[in-house]
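Let's take a walk through this model together, one region at a time. Keep the viewer open as you read, and turn it whenever a new residue comes up.

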Amino acid sequence: MGAKSVIYADNNATTAVAPDVVEAMLPYLRDRYFNPSSMYDPADAVARDLAAARRDVAALVGAKPAELFFTSCATESNNWAIFGAARATPSRRHLVTTAVEHPAVLEVCRQMARDGYDVTFLPVDREGRLDAADFVRALRPDTLLVTVMHANNETGSVFPVGELARIAKETDPAIVVHTDATQSAGKLPLDLAGELKHVDLLSFSGHKLHAPKGVGALYVRRGTPLKPYLLGGHQESGRRGGTENVPHIAGFAAACRLAREHLAEAGRIADLRDRLERSVRANVPFVEVNGAGAPRLPNTLNLACHFIEGESILYQLNAHGICASSGSACTSGSLEPSHVLRAMKVPFTAVHGSVRFSFSRYTTGAEVDRIAEVFPRIVHQLRRLSPYWDMARNAPRPDAPGGSPA
Amino acid sequence: MAWEYSEKTKQLFMDAVHGKPGTHLGEVENPDGVGEHGSIVCGDALRFTFRVERHDGDPLKDVIVEARYLTFGCTSAIAASEALCALIEQRRYTPIQALKITNKDIVDYLEGLPAQKIHCSVMGAEALQSAVHNWAQRRGVDLEKLGIHLSMVGEDDGRIVCKCFSLTEPYIRRKIRELNLRTIPEITAAIKAGGACMSCHHAPGGLQDILDETWGRGGAARPARPGPAAAAGAAAPAPAAPSAAGGPSPFRVMKEIERVIAEQVRPMLRADGGDIEIVDIKEGVVYCRLAGACAGCPGAATTLKLMVERTLKEQVDEHLRVIAV
């Protein structure tokens, strides 16, 4: 294989740190190491920089700076939102979420269930869409929290969180509405003063938008009942203990400034994605484009190839220097394929053969064309090995299983 | 990469995928033995075929000269299939001798497999057994008479323990003994049982029970179990608030709402090419969806709020609220 250039198409997993972000961080790793809480001028200057960073990050989501709290990652933000809301209102015992949340929400909700809460996991349809009627029927007088992700990490499906939040709040203003916006922040315009004005809590992180790993944020609308999650300090207005990670927060702020400037590029990225999607549909038989029938993030393409297995596809892509990911069981650490694709009832002949390409503003047309060139060959090669595929007809064997989902 | 494979595993996979001469991808034409193991539902499956050089007098002296596979699965499943075929062809085994090949031989040939991938080698050994069984039937060889008991025969009919991967009790029992599996994680790594929903781990007659029966209680310490899962069983608190004392029953209110919408609201909307659908009625809230021409109308929410809510307040109950869905 030798030296090869890397085509990075796994931006829903993490992103390259932007060069300007690195520059913005360096002063705080060198001379400006002071604790922003300390009582001397150099520390005060850092505290002012921290305040400026908070404004920049808040601006990306249309929030007031005082409503934005820094965390270590979106997983922490999600844990804080759910556990913190539950502890603030112990009389309410019911949560509403979806079957396709990221584990950082799903596992917290499952823990709530183990702790005696009732949790409704809303289903999705074949295109990955939620039904607002299911949502309405799930709401109860003791509903504590609604937590619905803004965009799905695997398929890119975008949920109508603003609408669901309005319905929840009109039903009962005491219901707390949380959304995990980790995948949409920086990719879609988010406005907590506009479309998302009924959302109380919103999580996102830096490393999905070209900041480094290790920094995130939780937006907490003023007046939302929420107990702290990380105790042990007066930082973040007493709501999240721990000395502020100033270098990363400075990087996060720079990344958010850049993300706002680049939001207009979403169309270009969507064009690249659509180009790859068209090419795959034209050149690969028996392929599903998961979530294509619903609103989707501009950068995400989730494919499922019938009768082959995703890990082998990734392995082959890797040999070509192409970085992507899969919902196959063999890549999940458990033996179960993606909970998202199973919730969407992707046919079981394809659910093991899923591949996700996710682009960023650094993705070029040449890279996408290279993927479009290599991918059909890989699928073809693997199908040659498949006991369910007839190479002569380039179609499944007549005796291959099919029909009802697993 | 998620899994650390040996160089040998990677090489075999790459050679197979690129159809390098000497690899064993495909099916033997007019095979003398056909065996299958796994299924697409489980995430991997193998179809194994072989051809023998037939001995004129004694089928027991047939020698396997060609072995081929088709595999649906991950990198290591494909490499393990390659290993199985290579082992058999290199050694010019008779089908009976080939039965001696175990999953351990396959792992050794691959120069090791990650623990979570051991099931890929087990699949190869199982498909081989099934193919030899098939050969014996074709050649009129009575394996039982030779003292060879192919354990897989008849196992499919047993009670299913692991529903996710359709694995039966006799199969799981045999593999626990053959592979000396002592814990549930070991079982999952070797044969996948219990690897998905995990509900068979501690269920009555589940994996832990089978382990205990096989090895005795002390064979592997039983992990501490938390109380029964609360998710489904938790009592739903706070039933719907009863209607105000002395008021009409909730059922009557609901019927009234439906009547007013059917008789007064819907005709008005239909006049404009629209329609209305009641999604749910509960806790004094009527959840509605505007359909038809109204659905895309920017004034839809206002229409619902003003017109529908006012009508219902006047006609049914002044406390009713309408929410657009």
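**A walk through chains A and B**

Apart from residues within four places in sequence, A:Met25 is in contact with A:Pro247, A:Ala250 and A:Gly251. You will find A:Met25 in helix α1 of chain A, which covers residues 19–29. A:Met25 counts as buried because it has 23 C-beta neighbours inside 10 Å, where 20 or more are needed. Its link to a distant part of the sequence shows in another pair: A:Met25 and A:Ala254 are 229 residues apart in sequence, yet their C-alpha atoms are 8.7 Å apart.

Before going further, please keep in mind that this is a predicted model. It scores ipTM 0.79 and pTM 0.81.

Now step back to look at chain A as a whole. The domain assignment splits chain A into domain 1, made of 7–13 + 265–396, and domain 2, which spans 19–262. The C-alpha centres of these two domains of chain A lie 29 Å apart. Where they meet, 23 residues of domain 1 of chain A are in contact with 20 residues of domain 2 of chain A. On the domain 1 side, the elements that give two or more residues are β10 (300–305) and α11 (339–343) of chain A. The largest share of that side, three residues, comes from α11(A). What classes of residue make up the side of domain 1 of chain A that touches domain 2 of chain A? That side has eight nonpolar, 10 polar and five charged residues.

Let's turn from the domain contact to the nonpolar core. In soluble globular proteins, nonpolar side chains tend to be buried together. Here, the largest nonpolar core has 208 residues, of which A:Tyr219, A:Ala255 and B:Cys288 touch the most other members. The element that gives the most to this core is helix α5 of chain B (residues 118–139), with 11 residues. For a look at one of the core residues, select A:Ala255: leaving aside neighbours within four places in sequence, it is in contact with A:Ala18, A:Val21, A:Gly206, A:Leu209, A:His210 and A:Ala211.

Chain B deserves a tour of its own. It has 10 helices and eight strands, and 39% of its 325 residues count as buried. Among the contacts in chain B with a separation of 6 or more, 52% are between residues 24 or more positions apart.

A good place to begin is B:Ala16, which lies in helix α1 of chain B (residues 7–17). Is B:Ala16 buried or exposed? B:Ala16 is buried, because 25 other C-beta atoms lie within 10 Å. Beyond four places in sequence, B:Ala16 touches A:Leu385 in chain A, along with B:Thr23, B:Leu25, B:Ile78 and B:Glu82. The C-alpha atoms of B:Ala16 and B:Ser81 are separated by 9.7 Å, although these residues are 65 residues apart along the chain.

Next, follow the strands of chain B. Strand β1 (residues 33–39) and strand β2 (residues 44–53) run antiparallel, joined by seven bridges. B:Gly38 has B:Ala45 in β2(B) as its bridge partner. These two strands form a hairpin with four residues between them, and B:Gly43 in the turn has a positive phi of about 100°. β2(B) also pairs with strand β3 of chain B (residues 63–72) in the antiparallel sense, over nine bridges. In that pairing, B:Phe50 stands opposite B:Ala67 in β3(B). β2(B) is mostly covered, with eight of its 10 residues buried.

Helix α7 of chain B (residues 184–191) is mostly covered too, as six of its eight residues are buried. These are B:Ile184, B:Ile187, B:Thr188, B:Ala189, B:Ala190 and B:Ile191. They pack against α5, β5 (167–168), α6 (169–178) and α8 (207–215) of chain B. After α7(B) comes B:Lys192, whose phi is positive, near 75°.

Finally, a word on confidence. Chain B averages a pLDDT of 83, and 88% of the residues score at least 70. Among the elements of chain B, β3(B) has the highest mean pLDDT (93), and helix α10 (residues 300–315) the lowest (81). Over residues 221–245 of chain B, pLDDT stays under 50, and the model has 26 contacts for them beyond four places in sequence.

Terms used:
Residues numbered from 1 in each chain as written. Chains lettered and ligands numbered in written order. Predicted model: local features only at pLDDT ≥ 70, side-chain atom pairs only at ≥ 80, totals over all residues. Domains from an automatic or database assignment. Contact = placed C-beta atoms within 7 Å. Nonpolar A, V, L, I, M, F, W, Y, C, P; charged D, E, K, R; others polar. Core = buried A, V, L, I, M, F, W, Y, C linked by C-beta atoms within 7 Å. Buried ≥ 20, exposed ≤ 12 C-beta atoms within 10 Å, placed from the backbone. Pairing = 2+ DSSP bridges. pLDDT = per-residue confidence, 0-100.
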